[in-house]
Amino acid sequence: MSTLIIIKIIIILVIFAITLFIAMYSTYAERKIAAVMQDRIGPNRAGPWGILQPLADGGKMFFKEDFIPAFANKKLFIIAPGIAMFTALMTSAIIPWGGSITIWGQTFDLQVADVDIGILYILGVVSIGVYGIMIGGWASNNKYSLFGAVRSSSQMISYELAMGLSILAVIMTTGSLSLKDIVEAQDGGKWNVFYQPLACLLFIVCAFAECNRAPFDLAECESELIGGYHTEYGSMKLGFFLFAEYINMFISSAIISTLFFGGYNFPFMHDLGLSSNALTIVGTLVFFAKICFFIFFFMWVRWTLPRFRYDQLMHLGWKTLIPLAVFNLMLTGGIMLLRDLF
Amino acid sequence: MDNLQKNITENKAVDNFDNKLSTLNLGPTHPATHGIFQNVLKMDGERIHSSEQTLGYIHRAFEKIAERRPYNQIRPLTDRLNYCSSPINNIGWDMTVEKLIGIEIPKRVDYLRVIIMELARIADHLICNSVIAVDTGALTGFTYVFQERERIYEIFEEICGARLTTNIGRIGGFERDFNETANKKLKLFLKEFPKRFKDFETLLCRNRIFMDRIINVGPISAERALNYGFTGPNLRAAGIDYDVRAMNPYSSYQDFEFKIPVGENGDTFDRFMVRQEEIKQSLSIINQAMDMMPEGPYHADVPEFYLPPKTDVYTKMEALIYHFKIIMGETKVPEGEVYFSVEGANGELGYYLISDGGRSPYRLHFRRPCFIYYQAFSEMIKGALLSDAIVTMSSMNVIAGELDA
């Protein structure tokens, strides 16, 4: 029992560190990728190729004045970035990072908690995430912040519906809410993306919206709302908001890979003749490669597309995505029924 | 103090949510206003109920300053009107003075001027269109065309030594001829620009989100546009083919073949597309001017207005006298009243000049198209969303320097 606890604590710490590390270097990657796409050079002053840039940014954030506007609600103003960061970090608990690993005769899963309600947990935690933005926007006592907060909350509520419905199709085919089971079911190249392409597309679109990333970045919307919900924020509080966005992006990429792209599975993995432990390690690396690809995809889209207008966003959410998700659900149900009958 | 207190509470009563309208200050310093002007918007949620514009934040009294300056020294003031295409302003001013004095300009100067002005027009339109995209959130196209704008500025740099506020040209022609490097850079630009420009166009025009953001946004009818006194691309987007270059040709524009693109609805999409097409037409004009470039002097023979070369100043008495008189602003100009207009990058840029024969203008008025567009802004964004207002603003290409003068 005690070894189990120690192993779990180690896994938690490692995942925590990896999450922060990837989020940190996502900021660097974003700037470099944006630079490549825009024919620029990007950060190259701090360290070789600018790889120390995230540390420099973090240091800058810490040493800035911790300013709170005079008419802001002080308590909520401080709590809001905390909520954003907290919910962003919580989601990583149930993602299966790899298969099981055997050390000294004991087998452990590379997952903090294999919760039976896996997907519901994700949806629940993500829903709490909107509080960070809403409270931050409201507590700043600034109209631009409030606009950002209102836009963001209505956007998240609308897109959560389509997101939930698109996942439902996957749950129907897998028959389990546990992410571990969903990954196991995709073993041997049977990735959900081939069976549920529409659900995959819908989920990716909604994931963009949930992360407040372009083309759905109406909450920050630099050209209209200055900074949106974090207009009044500075120093590390702003850093928390920005960091939470990158963590969300990382987790979203992990969930997209898990649900639709086989998680830590890769084609022909059983034909390689690797031992179980080696296979797990390779699988984990493959999983991170998939995650990195989706993080790149997030950035690729951001630096290509303009953002939606508020009403167009709502139209897309309610009039296009939700009907499509319902249609997909009915199609999946219909096919499953036919398969059972014949 | 009591009165002040009363006002404050009264305003608060209007602002509260029972009244459903809230006030939003868009500007004077806001990332989307591209300059310093304030819009006080009455908002019903995201929708603009009504708006009120304030201007004058960077008013520098150019018209008054011009009354104290010799004619040669007014050109730097015009740089700072529409600073995205200052060569057009500079050359427009030179031509106004030439019209007042009645100077015969060599053909070569006309053609050189046309090249410079069309380059400036391309630079200005590139900024405007890429900034529309930036305001919708697409930053990448902006960086593509900014590199091309950089090349244009390098050409200006070769010709006059400056980039943004060029102070290009002199009364009667140019300070010096295009040098070898300038010609080389110009040819390279003409060769490579169309490809990059096509990248930019396909990036945006084939993008559904961008089209949705600009189609039917901030429209103005041809009638209203004419009533306000619109000119330039904004009027042509509304469907009226008025272009000073064609209606009242100056600087030998009659020698060139070019089309005047017109829109239909006067919305942001039309304004965007008209500018895109004008860039292509400007390219064609530059190509024609390069091909048909006549030989001849690069300035008119007007010793009393055109600075003599330095070698002559040191060796010849007349040159020294003229040099002294021009620098001190002591050359006489005839009495008279002239209006001269050029097709600026964003509209008819007019100079109304009254001279009483003194060393400075008696009165000089700039007809600034931005000032006119901005009057219509309130009408154009009424009932639109906040995002639309910002895109409309950038598509009209209102430039603070020209708005306030």
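In what order do the three strands of the open sheet with β1 in chain B come? Keep in mind that this is a predicted model. The order is β1-β2-β3 in chain B, and the pairing is antiparallel. β1 and β3 of chain B are at the edges with a single partner strand each, so each has one side without a neighbour in the sheet. From one strand to the next, the twist averages 25°.

Now the pairings in that sheet. β1, residues 22-26 of chain B, runs antiparallel to β2(B), and five bridges connect them. One pair to look at is Asn25(B), whose bridge partner in β2(B) is Val40(B). On to β3, residues 47-54 of chain B: seven antiparallel bridges join this strand to β2(B). Here Asn39(B) is opposite Gln53(B) of β3(B). The link between β2(B) and β3(B) is a hairpin with two residues in between, and Gly45(B) in the turn has a positive phi of about 70°.

Which side chains of β2(B) point to the buried face? They are Asn39(B), Leu41(B) and Met43(B). Gln38(B), Val40(B), Lys42(B) and Asp44(B) point to the other face and are not buried. This is the general pattern: side chains in a regular strand alternate between the two faces of the sheet.

Next, the other sheet I want to show. Chain B also has an open sheet of three strands in the order β4-β5-β6, with antiparallel pairing. Its edges are β4, residues 336-344, and β6, residues 363-367; each has a single partner strand, so one side of each has no neighbour in the sheet. The twist here averages 10° from one strand to the next. Nine bridges hold the antiparallel pair of β4(B) and β5(B), the latter covering residues 347-355. Among the paired residues, Gly344(B) has Gly347(B) of β5(B) as its bridge partner. Helix α4, residues 86-101 of chain B, packs on this sheet and touches β4 and β5 of chain B; its direction makes about 150° with that of β4(B).

Now over to chain A, and helix α12. α12(A) has 32 residues and spans 45 Å from first C-alpha to last, close to the 46 Å expected at 1.5 Å a residue. Where does α12(A) bend? The bend is at Leu321(A), by about 30°, and a proline, Pro323(A), follows within four residues. The buried residues of α12(A) include Tyr310(A), Leu313(A), Leu316(A), Gly317(A) and Leu321(A), and further along Ala325(A), Asn328(A) and Thr332(A). An α-helix has 3.6 residues a turn, so residues three or four places apart point the same way. Among the elements covering the buried residues of α12(A) are α5 and α8 of chain A, and also α16 of chain B.

That brings us to the interface. How many residues of chain A are in contact with chain B? There are 22, and they meet 26 residues of chain B. Within chain A, α9, residues 222-225, and α12, residues 310-341, are the elements that give two or more residues to this side. By class, that side of chain A has nine nonpolar, nine charged and four polar residues.

Definitions and conventions: Residues are numbered from 1 along each chain as its sequence is written. Chains are lettered from A and ligands numbered from 1 in the order in which they are written. This is a predicted model: local features need pLDDT of at least 70, side-chain atom pairs count only at pLDDT 80 or more; totals for chains, interfaces and linings use all residues. Two residues are in contact if their C-beta atoms, placed from the backbone, lie within 7 Å. Ala, Val, Leu, Ile, Met, Phe, Trp, Tyr, Cys and Pro count as nonpolar, Asp, Glu, Lys and Arg as charged, and the others, Gly among them, as polar. A residue is buried if 20 or more other C-beta atoms lie within 10 Å of its own, exposed if 12 or fewer, and partly exposed in between; C-beta atoms are placed from the backbone. Two strands pair if DSSP finds at least two bridges between them. Axes are lines fitted to C-alpha atoms, for helices over the stretch in contact, and angles run from 0 to 180 degrees between N-to-C directions. The expected span of a helix is 1.5 Å times one less than its number of residues. The bend at a residue is the angle between axes fitted to the seven residues ending there and the seven starting there.
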